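Q: Could you guide me through a protein model, taking each feature slowly and explaining how to read it?

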Amino acid sequence: MKSALVVFPGTNRERDAERALTLVAGAKVTKVWHSETELPSQTDLVVLAGGFSYGDYLRCGAIAARANVMAAVQAHAKRGGLVLGICNGFQILCEAGMLPGVLVRNAKLRFVCREVRLRVERADTPFTRAYRKGEVLRIPVAHGEGNYTADEETIREIESEGRVAFRYARPDGEIDETDGPNGAINGIAGIYSETHNVLGMMPHPENYIEPAIGPTDGRGLFESLSSAFKAA
Amino acid sequence: MNLIPNTPRITPELVAEHGLKPDEYQRFIALIGREPSLTELGIVSAMWNEHCSYKSSKVWLRTLPTTGPRVIQGPGENAGVVDIGDGLAAVFKMESHNHPSFIEPYQGAATGVGGILRDVFTMGARPIAALNALRFGNCHHPRTRHLLAGVVAGIGGYGNSFGVPTVGGSVGFHSRYNGNILVNAMAVGLARTDEIFYAAASGVGRAIVYLGSKTGRDGIHGATMASAEFGADAEEKRPTVQVGDPFAEKLLLEACLEIMKAGCVVSIQDMGAAGLTSSAVEMGAKGGLGIELDLDAVPCRETGMTAYEMMLSESQERMLMVLAPGKEAEAEAIFRKWGLDFAIIGHTTDTLRFVVKHKGLVEADLPIKDLGDQAPEYYRPHTDPQPRPVIAAKDVPDTVSLADALEQLVMSPDLCSKRWIWEQYDHLILGNTVQKPGGDAAVIRVEDGPKALALTTDVTPRYCEADPFEGGKQAVAEAWRNLTAVGATPIAVTDNLNFGNPERPEIMGQFVGCVKGIGAACEALDFPVVSGNVSLYNETNGKAILPTPTIGGVGLIEDLAKSMTLAFKAAGEAIYVVGKTEGWLGASAYLFTVCDREEGAPPPVDLVAEKRNGDFVRSLIHQELVTAVHDVSDGGLLVALAEMAMAGNMGASLDRPHGIPAHAFWFGEDQARYVIVAAHGQGPELVRRAEAAGVPLMKIGKTGGDRLALPGERSIFVETLRDRNETWLPIYMGASA
């Protein structure tokens, strides 16, 4: 698998993403600077890593969404290529219009870094095949603006089209919005594009991949990606 | 070139406003042989203030042990550098941002973090961890909540955006910090031992380059503010607090590491306190060279800035660098790529003069050595504090049951869980956090392992107040113990010495006592001081803080698989205490929290026992004979056991002590102690080894169940303890748990 890791000024979790992509997915990773206008040829997967692109100034992800490289990322997604946006990457995908809705300030108005439980909503996408539907994962979050929201119609649409990827859950898998780390509507932690080739998520699976460091529930996402390309 | 302009006239009032004493000003006149220009007065005030010159502390700092087989760079550079093997070095330092944080907590704390990160990456190291030590006023003081919320948000706001995990620290409350909070920030970076960069300039006629953000009018006289007490006018000093931009700092980090890799850098110095003045003087003075600056080339954020303002601005995220010959174009291209300013603003000379030109005028022409490493220093009068009497256990009434006292302690402001704070810090970024906040020390994997660094910050101010010498020893010993408890070999220390006004002999006495104690402990424990910072004048209206010499300790773990945590792991395992328990209640958390008494001599620190017991515990960890280890400190044995139970979600049944009153046994704060849990069946082996090593070892109970079962007392459920421990701070801060 060939993976392009987009780096904006202020991106700061690109090393974490790179480690997960190489260590777990066995991907060949090329870093792509924000001012580039093309992705490396035969890119399979584009990753927008976490961080504070452009210092989160103006609005999280708003400036990065208009960077040169984003036209190439959009074209890659239109061709059916895979795009994964984690944390700030998710915010950028929303700001770029590649995913619906928006991420606003956490309900408690504070940055939060802690382990949460995520329920896997479907296990038939290239991002989640290594998981079971309904499986509850331990994955950390680290964000100040991860409170997903959208207008009622959009929420109805993404819910009815099965586009919710992960929800914040209790250990038994029950969803309780007030339990989540940020107040996201319906406990939404990650969503897919209409064709399920673009995934944006707030939590950081890339930080839970090595037994020497801690829990490893994040591996499944990268294993899924890896097998998606082995199969193809 | 025109001569130095001499308006306005330098009056005694102007001199006093710059914080210079009349005798210091006379010394300056004698040095330069004429009346200074206003810019020169500003420069000397910036260099000779306490914050930059260490004039009151230097004679004592020189007594600290600063060398050792692992030490590559001791104090005097941007940060200390210690060899950790395999061609790698740990680069670290701690620094205070107390005065600004009291005035404007968010920006004060944020720029404190920014400054210390810059110190570390200036040396060519990529920051891998940040820690802090915070002290606030009494929790009932009307400003405490506001200051705590602001400081925590500021630390998180800067570190999270910059992209360094904030992994540890300490937080305490006491009314003596009501008017002067403490914000001590520590950063740790990783570099290759053969790619370390220093501040000392070398080579005559080399270009001096300004890097980073533009210069504005913020922070002018910040260092002077940090060299004086607060009066009733503290609020008016708000304009002297700088504003941080972590985004710019992140870009500066990446750009600096890139130009270093490209071989463009001869020497480099960050612009911290006293900005351009101090960075330029330090580069020249350390390198034995003169520096000539042309301020017309300085990138400015505002129009019409004077030489005086440019020289004293403390605008953040700026660096000064001596460029390798012929590397101008390459270095500039790298900086432009990152969208940062890059300007050649001067050159090195062989005159040993610090010359500043602006708009065709010489604004300053001063001898550089006298500003820098030959600045004045004082041997200030100091008096030893009255020794406090030793309090016997029988003189402390045990009217509160053990269970009630334990509940009070685990929910006290000092000992409660600080989760509300550290969850606002990204402690996981970079993917190397093996032990997050909440344990004895943070453990951060080095590159891809198996090595790791253990990191901690410690000090017990109430001990230092009661006996500065023993308190200084204890701060070092506790840091050493915390590193040992996770299985690390302690290797070096950074210190951040926070005190009141050194012109008062009793405050200077506290300082001298603590430094002597730190020196004695560092010597005995092979734990050299490689960097540090002194913050004096932490006083408001004549009331000083508790003496607070924060120790930042760094330890090395050779193999992560052999590190240790404090959580109980399995039921039915025997629990032991290592070290002698005598029931010392003087100056204890029990006496303070449960009895509302602040008195008595603190527990003495036996450094020989400290070393012997610690080495014993570390060897048990490395040989996998124990399953949990925790240092015994505030609150004594029972608080340590409660913390182990909460971390492991498992209780313990405890034995009845003999010969010592129960409250003194369980809450006494005798030093050099650890609670350890024997791996199943290894109890006899532990006893045998302890005897052979001459280490006191006593069995005090065994793990298991869902409660702490106290002998002859009501039991406490672990769940109840956790509830008490976790909810105090969120409720206090007005948030739901």
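A: Let us begin with a single pair of residues: Ile86(A) stands opposite Met201(A) in β11(A). This is a predicted model, in which local features need pLDDT of at least 70 and side-chain atom pairs count only at pLDDT 80 or more, while totals for chains, interfaces and linings use all residues. Residues are numbered from 1 along each chain as its sequence is written, and chains are lettered from A and ligands numbered from 1 in the order in which they are written.

Q: Which strands pair with β4(A), and in what sense?

A: Two strands pair if DSSP finds at least two bridges between them, and strands (E, at least two residues) and helices (H or I, at least four) are DSSP runs numbered from the N terminus. Here β4(A) pairs in the parallel sense with strand β11 (residues 198–201) of chain A over four bridges, and strand β3 (residues 45–48) of chain A also pairs with β4(A) in the parallel sense over four bridges. In the pairing with β3(A), Leu82(A) is the bridge partner of Leu45(A). Between β3(A) and β4(A) the chain passes through helix α2 (residues 69–78) of chain A, and this β-α-β crossover is right-handed, a term used when, with the strands pointing away from the viewer, the path from the first strand over the helix to the second runs clockwise.

Q: Is strand β4 of chain A buried or exposed?

A: A residue is buried if 20 or more other C-beta atoms, placed from the backbone, lie within 10 Å of its own, exposed if 12 or fewer do, and partly exposed in between. Five of the five residues of β4 (residues 82–86) of chain A are buried, so the strand is largely enclosed by the rest of the structure. Both faces are covered, with Leu82(A), Leu84(A) and Ile86(A) buried on one side and Val83(A) and Gly85(A) buried on the other.

Q: How many residues does each chain bring to the contact?

A: Two residues are in contact if their C-beta atoms, placed from the backbone, lie within 7 Å. Chain A gives 23 residues and chain B gives 26 residues. On the side of chain A, α1 (14–23), β6 (112–120) and β7 (136–143) each supply at least two residues.

Q: What can be said of chain B as a whole?

A: Chain B has 25 helices and 28 strands, and buried residues make up 62% of its 737 residues. Along its principal axes, the C-alpha trace of chain B spans about 90 × 50 × 50 Å.
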